[in-house]
Structure formats: C-alpha cells, structure tokens
Amino acid sequence: MTFFLLIGVSVVVFVILYLAPGDPFSVLLEGEMPTEAAREGIRQAMGVPTTWYSQYFAWLGKMLVGDFGTSIRTGMPVLPELLRVGWNTLVLTGGAMLVTLLVAVPVALYSAVRGVTLISWPLTILAYVISALPLFWLGYLVLYVAMRHFGIFPFAFASLGSEPKLIYFLLPILVLGLGSGAISEVVRHLREESSRVLDEEYVRTARAKGASVWRHAFKEGFLLPVTAIMATKVPFLIGGAIIVEQVFNWPGMGRMAWQAAQDRDYPVIMAIAIAAALLVRIGTLVQRVVYVTVNPRASQE
Amino acid sequence: MSASLLKIDNLRTYFYSRSKRAFIRSVDGVSLAINRGETLGIVGESGCGKSVTALSVMGLITATPGVITGRIDFANGTLHRNLLDGLDQSVRLSEEEGRIMDVVKDSGAWQRQSDRLQRGVRGGEIAMIFQNPKASMNPFEPVGAQIVEAVRLHTEHTGKKEAEQRALHWLERVRIDSPRLRFHNHPYGLSGGMCQRAMIAMALAAEPSLLIADEPTTGLDATIQSKIVDLLAELKAEIGITTLLISHDMGVIGRLADRVAVMYGGRVVEEGGAQQVLAGGEGNHPYTRALIASIPGAAEVRQKSYLQAIEGDVLDTINIPAGCRFYERCNRVTEAVRERCADCEPQLFDAGSGQRVRCWLFAP
Amino acid sequence: MKRFRQRPGEISEFSDLPLWQKADTIDLLYVGYGLLIVSLVVASYLLGALQWLPHDPNALNLNLLLAGPGTPGHLLGTDFMGRDLLTRLVLGIQAYFLPGLMAVASALFGGTVLGVVAGYRGGGAGLIVTFLGNLIDSFPRLVLILLVIAAFKPDIWYIMAVIGISNVPAVASLVQGKIAMLREKNFIEAAVALGLPTRTIIAKHILWYNCKALLIIQATLGMAEAILMETSLSYLGFGVQEPTPSWGNMVQSGANYFLQGNLWPSTAPALAILFTILGFHLLGDGLNNLLEGKRGR
C-alpha cells in the first residue's frame with residue numbers, strides 16, 4: 001500500500017509540474033532553460049523524451065538514482081543541499097513531537113484516570129485557543145520574551161558560524177511543539193482511547209488478578225493511540241516547521257521551500273515536496289509496523 | 001463464626017444516576033457468609049445485585065458512589081482482614097424516612113484505602129472469573145503468559161521456568177485440549193469454552209482460598225456450558241476449593257452449590273442448604289418458588305405448554321417500594337399478611353435447619 | 001469529596017435539570033459565539049467591498065505612529081506607518097473571504113458528488129476515495145501549496161483551488177460513510193421500494209435530511225482552514241502584497257517592531273486571526289454536538 005502511495009505521490013508532483021507554464025521539465029531534464037527553438041533542437045539531438053509518459057519515467061528514473069536536478073538559484077545539485085538542511089528540519093520536527101507528547105500525555109492520562117474534573121473545561125478551551133493561535137505570532141512572542149527577558153539572540157546561528165547553543169534549538173522546538181495544534185488532538189484521542197481501554201473487561205480481570213493495570217492496558221490504551229494520532233500529525237508538523245523556520249530564520253527544509261517558491265526554483269521545491277511526502281509516509285509506516293507487531297491478529301502486508 | 005472464610009455484613013453498593021438524580025441501590029444491605037470448603041451459590045434475575053456483590057468484595061467497583069457501608073471479613077487462618085476497614089472515614093450518609101438519601105464520599109481516599117486492604121488478597125487469596133471469557137483475557141498476550149503472571153505474582157514459584165511449568169500443569173488440570181499448544185495461543189485463537197478453562201486455570205494457579213465465579217457459563221454454548229459445570233464439579237471434588245458461584249441458571253447452581261442464597265432487588269430473600277432452597281415449594285420464599293416453577297421441565301417442553309412466567313417486571317432499584325420488595329409480583333399473599341407486606345419490609349426469618357426466608361409468611 | 005443527593009419523593013423519568021447543567025448550554029455558547037464571528041466577518045466583508053471604512057487604509061498619519069488602541073479617532077490604534085489598524089483589519093478580510101468560500105464550496109461540491117458516487121457504486125469506488133484521501137494527506141498542505149505557487153503563480157484562487165481539492169476526499173468519505181450507514185438501516189431500500197426516483201432519493205433524502213449536519217460542519221472547518229492557510233501564506237509573503245492589507249502580512253510587517261517592544265501592530269491582526277478561527281471551530285464543534293446528539297458530559 002505504501003508503495004502505491006509513493007507512486008501516487010510522484011504522479012501528483014509530476015502532474016503539477018507538467019501542467020505548469022514554463023515547461024519545468026526542460027529544467028529538470030536538461031538543467032537549464034534555453035529558448036524554445038534551441039530547446040527543440042537539443043531535444044531532437046539528444047533524444048530527450050517528449051511524450052508525457054516517457055518524460056515521467058525519465059524523471060522518475062533520475063530521482064531514483066538521486067539526481068534531483070540543480071537549483072535554478074544557486075546552480076548547485078539539489079539533493080546534497082536538501083540532505084544537509086533536511087537534518088535541521090528533522091531535529092525541529094522530532095523535537096516538537098517530543099514536546100507535544102510531554103505536554104499532551106500527562107494531561108490525557110490524568111483525565112482518563114480521574115474522570116471529568118473541574119479543570120477539564122478550562123483546559124479544553126485553552127486547547128482550542130492554542131490551536132487557533134497563529135503559529136508565527138506565537139513564535140515572535142517567544143522570541144521577544146527570550147530576547148528581552150533572557151537575553152538570548154538565536155538568529156541564524158549557522159551562517160554566523162558561531163557555536164550554536166542548546167537554547168537556540170529549544171525555542172523553535174518549543175514553539176512548534178506547543179503551537180501546532182497537535183496537542184489538543186493528541187489529548188482528545190489519547191484520553192478517549194485510554195478511558196475506553198481502562199473500562200475493558202480484560203483490564204478488569206487484570207485488576208482482579210492483582211496484576212499491574214497499566215502493564216495490561218499499555219498496548220491498547222497508550223502505544224496504539226499515540227502512534228496512530230502522531231502519524232496523522234506529521235504533515236501538520238512539517239507545515240508548521242515551514243512557518244517556524246521563517247520566524248527563527250532556522251536553516252531547514254522549510255526555509256528552503258519558501259525560498260524556492262519565491263524564486264520559482266522548481267527542482268528544489270519539487271524535491272522538498274517529495275521529501276515531505278516521504279517523511280509523512282514513513283511516519284504512517286512506523287505506525288503500521290507498531291500496530292502489526294503488537295496485534296497478534298494482524299498479518300503483514 | 002471461625003469457620004467462615006468470607007463474611008459479608010450489611011453491604012451497600014449504590015450507583016448514582018445523573019439524569020434521574022437518584023440512587024441505583026444495587027446492593028442494599030446484603031449479609032452473607034461462606035464457610036470453608038463449601039460452594040455458596042447466589043441466584044436471582046438480572047439486576048438483582050449478585051454480580052455487584054462479588055465485585056464489591058473484590059474492590060472492583062469504580063463507579064460512584066460505589067460501596068458505602070458494610071464489613072467484609074476474610075479469614076483463612078493465616079490472614080484475617082476486614083476488606084472494608086476504615087471505610088467510614090471517607091463516607092458520610094444521611095437518611096430520610098429510613099432510606100439513605102444523601103451520600104458524601106471521598107472516592108480518592110476510599111479507593112486508596114481499598115487498594116491497600118486488597119493487596120495480597122485480591123488475586124492471591126480471592127480469585128475471580130468472569131462471564132465472557134474471551135473478552136476477559138488480554139488479547140495481546142498468549143494465554144500461557146497470562147497464567148504465568150498469576151503464578152509469579154501469588155505463589156512461591158517465581159522463577160520463569162518454574163512458573164511456566166506450573167501454568168502448564170494447571171492448563172492440563174482444567175482438561176483443555178493440547179495444553180502445550182494452547183499455552184502459546186492468543187485468546188482469539190481459542191473458543192469460548194477453552195478460554196473459560198484457561199481463565200479457571202489462571203484463577204486457580206494463584207492458589208487462592210476463595211474462588212468467585214461470576215456467571216461462568218452464561219454466554220457459552222449450551223453443550224459447552226455443561227462441560228464447564230462438569231469441570232467445576234470435578235475441581236471441587238479434587239481440590240475442595242471454597243467457591244462463591246453466581247448464576248441466574250438454576251441448573252448450574254443446583255449442580256454445584258452446597259448452600260444457596262436467593263437475591264431480589266438488592267437483598268437476600270432466602271438462604272439455606274441447596275436441597276432446601278431449590279425445592280421450590282411451600283417451605284420457600286414466593287420468589288424462589290416462582291423461579292423454580294418457571295424453569296420448564298422436560299415434560300412441559302415436550303408438551304409445549306405455556307411457560308410459567310413471573311408476573312410483573314424486575315424491581316427497578318431506583319424506585320424501591322415501602323414494604324416487601326417482592327410484594328407487587330407476589331402470588332402467595334394471604335389476607336393475614338397483606339397489610340404488613342405492603343407497608344413493612346420483612347427481615348430474614350428462621351425457617352428451620354439453617355434456612356432463612358425474608359417473608360411475612362414465615363414470621364413466627 | 002463528592003456529594004450525591006436524591007430528592008425525597010417520586011422519581012420522575014425526565015427530571016428537569018436546571019438549564020446551566022444541561023449539556024446543550026455549552027454548545028449553545030459555542031454556536032452563539034461562532035455565529036457572532038461569522039456575522040462580523042460577513043459584515044466586514046461587505047463594509048470592505050463597499051469601501052465604507054472609517055479611514056483610508058493607506059492614509060499615512062506620520063504624527064500618530066504606533067498609537068495604541070483607544071486613541072481618539074483610531075479605535076484600534078495605528079500601525080508603524082500611522083495607518084488606522086481597524087480599517088486595515090476590516091479590509092484584511094477581503095483577502096480570504098471569497099477565496100475561502102470558493103474553497104469550501106468546491107470541497108463540498110466535489111466531495112458530495114464523489115461521495116454519492118462511491119456510496120452508490122460501493123466497494124471499488126470506496127477504495128479509490130480512500131486511496132485518494134491518503135494520497136492527498138501525504139503532503140503537508142503548505143508544501144503542496146508552495147509547490148503550486150512555484151509551478152504556477154502565487155494567486156490566491158489557485159491556492160484556494162488546492163485547498164478545495166485537497167478537502168474533497170475527506171468530505172467524500174464522510175458522505176460515503178453516511179450512505180453506507182443509511183444503506184445498512186435499509187433506508188435506501190425502503191425509498192427505492194416506494195418508487196422514489198434516484199434523483200429525489202439522493203437530493204432530498206440523503207443529502208438534505210441526513211447529510212446537512214455534516215456538510216455544514218465541514219463548511220465551518222473548511223473555512224477555518226482556508227483562513228489559516230491564507231494568513232500563513234500572506235505572512236510568508238505570498239498572496240496579497242503590501243500595501244494591501246491581509247492579516248498575515250500585517251503580522252509580518254509588524255514583526256520587527258514587535259521584537260523591539262511595539263507589540264500591538266502585530267498582535268492586533270494575530271488576535272483577529274485567533275478569534276475568527278476559534279469562532280469557526282467552535283461553531284463546527286457546537287453544531288456537531290447539537291445536531292448529532294448529545295454526548296454525556
């Protein structure tokens with residue numbers, strides 16, 4: 001299934017680029033944007049494919065060997081650059097996921113065990129508010145507080161070549177983790193599922209046995225729901241990363257995407273789109289693997 | 001007194017309906033005693049409070065307000081404990097017209113105290129098996145591992161290999177087919193009957209003093225039901241384990257119980273030796289009589305005669321009437337007792353040779 | 001300590017609880033707030049379209065830079081160029097209102113059509129809808145939009161088209177699910193047996209009677225998403241350009257001043273975004289609870 005989806009992903013990207021004015025494929029396949037006549041000549045001379053399906057396969061083939069073309073802006077090959085900055089985005093997104101979990105899990109589990117209490121209503125409202133709050137503004141707020149009250153100035157540490165302090169990492173991670181709106185979804189889903197599991201008959205048997213309730217409820221009440229909901233939040237976190245990287249001038253894939261969109265740098269944005277989709281699918285795959293491992297009844301696909 | 005393994009005294013377990021703003025008086029003053037070595041059967045229709053009684057003994061009631069009064073003495077010779085000790089500290093009651101109308105309970109403190117009291121008892125000294133065995137076992141773990149857990153928690157066989165041996169031994173003892181194979185199966189791969197055998201194995205592997213069986217055969221196919229009953233009878237003969245058996249199936253009770261308690265509307269209405277209670281005649285509570293009479297005998301089934309149903313609906317444990325709880329449905333009321341039946345709830349009267357009946361007809 | 005009280009006397013089947021305890025009240029609050037926001041948005045849109053604004057959005061008042069809210073003549077203050085913030089906020093709605101409506105309409109239309117087709121054809125079509133849904137969800141929305149911007153142009157209509165299309169599978173699967181449920185209840189069979197023409201069955205019975213609620217809720221969620229996307233994009237510099245105001249670009253241009261301590265010019269549009277998106281979310285949630293049956297609170 002994942003395989004077909006990845007094919008689908010490449011098709012979607014291909015279609016978008018194909019329909020675009022300006023013939024991005026000449027750029028991708030030939031590396032530059034010559035004039036129409038020259039292009040035609042070169043095409044015939046070099047045997048560059050002209051039909052849409054042969055273009056597709058040529059393009060796919062190039063990608064599979066790692067050739068994502070060269071950036072229009074910098075003239076450098078896309079893939080190495082992407083790998084370099086992609087790492088920063090992975091750190092940002094991964095850290096944000098951790099933050100989200102660190103906040104959401106205790107809240108959800110507490111609510112599940114203690115039931116509806118007086119504080120659950122304000123917390124729900126708070127969750128709504130945070131998910132409606134614009135991420136970029138939250139970023140500036142945190143930045144302002146950090147700069148004014150803590151004297152931290154984390155701008156563009158990479159380009160300055162100075163040693164990046166840990167706190168430079170923490171700020172954008174904190175912002176993305178708290179502000180992406182994932183927290184309220186995680187809390188809601190986890191609380192629902194763990195309450196449900198705690199009422200299940202087999203958990204009652206565990207209690208009657210004098211066994212540790214959580215040891216039995218863990219798989220279905222925690223592991224499965226958490227992986228399920230986090231897998232669906234990966235695309236939102238990546239999207240949020242684009243914004244957070246902008247606010248903090250964080251040298252990552254998001255900022256690269258923004259730059260590429262500004263410059264119409266097709267190879268770069270295309271590569272990023274594929275990379276992002278790949279990350280999302282990896283997230284889903286991890287969740288499926290966990291599910292299958294835990295569940296004795298599921299069969300491998 | 002000292003022969004009682006478990007003595008329940010004036011247990012009350014209430015639930016609260018938010019929408020109706022009223023108490024559901026599931027167990028409304030139940031007192032029972034189980035002697036060592038005997039099987040006590042609790043019988044009654046759905047909703048009479050039998051399962052809730054058992055869950056209250058195990059401290060498994062989590063709904064609110066839950067258990068609010070009572071004393072549950074467990075004494076197996078080495079251990080002597082009131083499982084509801086210190087309960088009064090966390091509960092305040094107020095009554096109106098003899099009925100509890102107001103409950104203030106610190107559920108957190110109460111639960112903590114209950115868990116403290118249950119430690120060492122729940123699972124190890126008192127083990128419970130449930131209805132619906134497939135749903136009652138952890139679907140993510142192999143059956144054998146779940147039994148091993150019970151062994152390691154509650155017996156001296158804490159080594160892994162040792163415990164596995166014991167678990168296997170118990171699987172064999174419950175006469176499950178291909179025990180070695182079943183040991184590694186997950187519950188979904190077992191039939192209902194096999195799962196119930198495994199559950200029994202899991203409960204007994206902990207070597208408890210008391211086994212509580214809550215509707216162990218309900219939900220299984222008819223033929224399997226009798227096999228499980230046979231198994232329980234065999235185990236009873238082999239091990240002599242004290243059992244609290246709950247069922248609405250008179251046949252199961254008849255087969256396995258030494259003494260029987262009949263429950264209705266959250267109270268015990270009759271108790272005594274199995275033979276006496278299940279006679280279903282003049283010497284029994286009208287409800288017991290009606291229950292026994294409603295079981296179609298073979299002859300009746302063949303002749304396709306009308307089933308003898310009990311008039312009326314099961315008592316709604318929210319709206320409890322003033323007098324005898326069974327009065328509305330009783331077909332044995334005589335003029336002599338009618339007034340008392342309507343106004344005053346009877347207590348348990350002695351009916352001779354250990355039998356007691358909660359009915360004005362038996363008043364001295 | 002929890003208190004449980006039973007009133008003496010007869011216990012009625014439907015006790016009348018005081019209003020504040022009924023679950024509905026919170027939902028009514030949500031819906032009320034949501035409708036308030038929606039009417040403000042629509043009103044502001046109309047004001048903006050008709051140019052009935054308190055000030056010229058581009059009028060520079062160099063004497064009154066960075067004024068706070070409540071300054072006479074400028075209800076919400078001015079920005080760093082002396083332009084009236086209230087006016088610019090109202091005008092900012094133009095940036096997302098119509099395009100957002102388009103996104104919502106196309107998602108609902110496409111999704112309904114696809115959902116009905118999938119619901120009627122069953123099996124294979126349903127799988128296709130699921131596959132498409134998974135496919136679209138593989139891309140973070142923002143990345144997909146940036147791709148489209150790079151390939152085509154940063155036109156808000158293109159962007160909204162992308163948002164609309166990307167919501168089609170979600171709506172489709174909801175509609176399809178509804179139809180499956182109706183089918184299970186033999187609802188459709190009964191209608192066919194009564195001799196109703198297919199068109200009527202679909203239009204009147206399925207869509208209007210049964211899918212109304214979920215479509216309205218999807219509309220609110222869709223609009224909320226459209227606003228979020230538009231503001232995020234204009235913050236990033238795509239979409240409307242200065243001096244035309246959009247809430248996103250207002251936050252962006254005020255950013256430097258924000259970091260220097262002038263918090264208001266960026267905060268005002270941020271709050272506008274917050275309250276508006278919150279309004280649509282709460283409207284959707286509240287309607288969901290009211291229309292689809294109460295959940296025990």
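The following exercises, each with a worked solution, concern a predicted model.

**Exercise 1.** Determine how the radius of gyration of chain B stands against the globule rule.

*Solution.* Begin with the secondary structure: chain B holds 13 helices and 14 strands. Next, take the radius of gyration of chain B, which is 21 Å, and set it beside the 21 Å that the globule rule gives for 364 residues. The two values are close, so chain B is as compact as a globular protein of that length. Along the principal axes, the C-alpha trace of chain B spans about 70 × 60 × 45 Å. Finally, 46% of the 364 residues in chain B are buried.

**Exercise 2.** Establish whether Thr223(B) is buried or exposed, and state in which helix Thr223(B) is found.

*Solution.* First, locate the residue: Thr223(B) belongs to helix α8 of chain B, residues 222-239. Second, count its C-beta neighbours inside 10 Å, of which there are 8. A residue is exposed if that count is 12 or fewer; therefore Thr223(B) counts as exposed. Third, consider Gly193(B), which is 30 residues from Thr223(B) in sequence and 9.6 Å away in space, C-alpha to C-alpha.

**Exercise 3.** Describe the side of chain C that touches chain A.

*Solution.* Start with the residues involved: the contact takes 35 from chain C and 43 from chain A. On the side of chain C, the elements giving two or more residues are α3 (123-137), α4 (141-151), α7 (198-236), α9 (255-259) and α10 (264-291). The largest share, ten residues, comes from α4(C). By residue type, this side of chain C divides into 26 nonpolar, seven polar and two charged residues.

Methods:
Residues numbered from 1 in each chain as written. Chains lettered and ligands numbered in written order. Predicted model: local features only at pLDDT ≥ 70, side-chain atom pairs only at ≥ 80, totals over all residues. Helix = DSSP H or I, 4+ residues; strand = E, 2+ residues; numbered from the N terminus. Rg over C-alpha atoms; globule rule 2.2 N^0.38 Å. Buried ≥ 20, exposed ≤ 12 C-beta atoms within 10 Å, placed from the backbone. Contact = placed C-beta atoms within 7 Å. Nonpolar A, V, L, I, M, F, W, Y, C, P; charged D, E, K, R; others polar.
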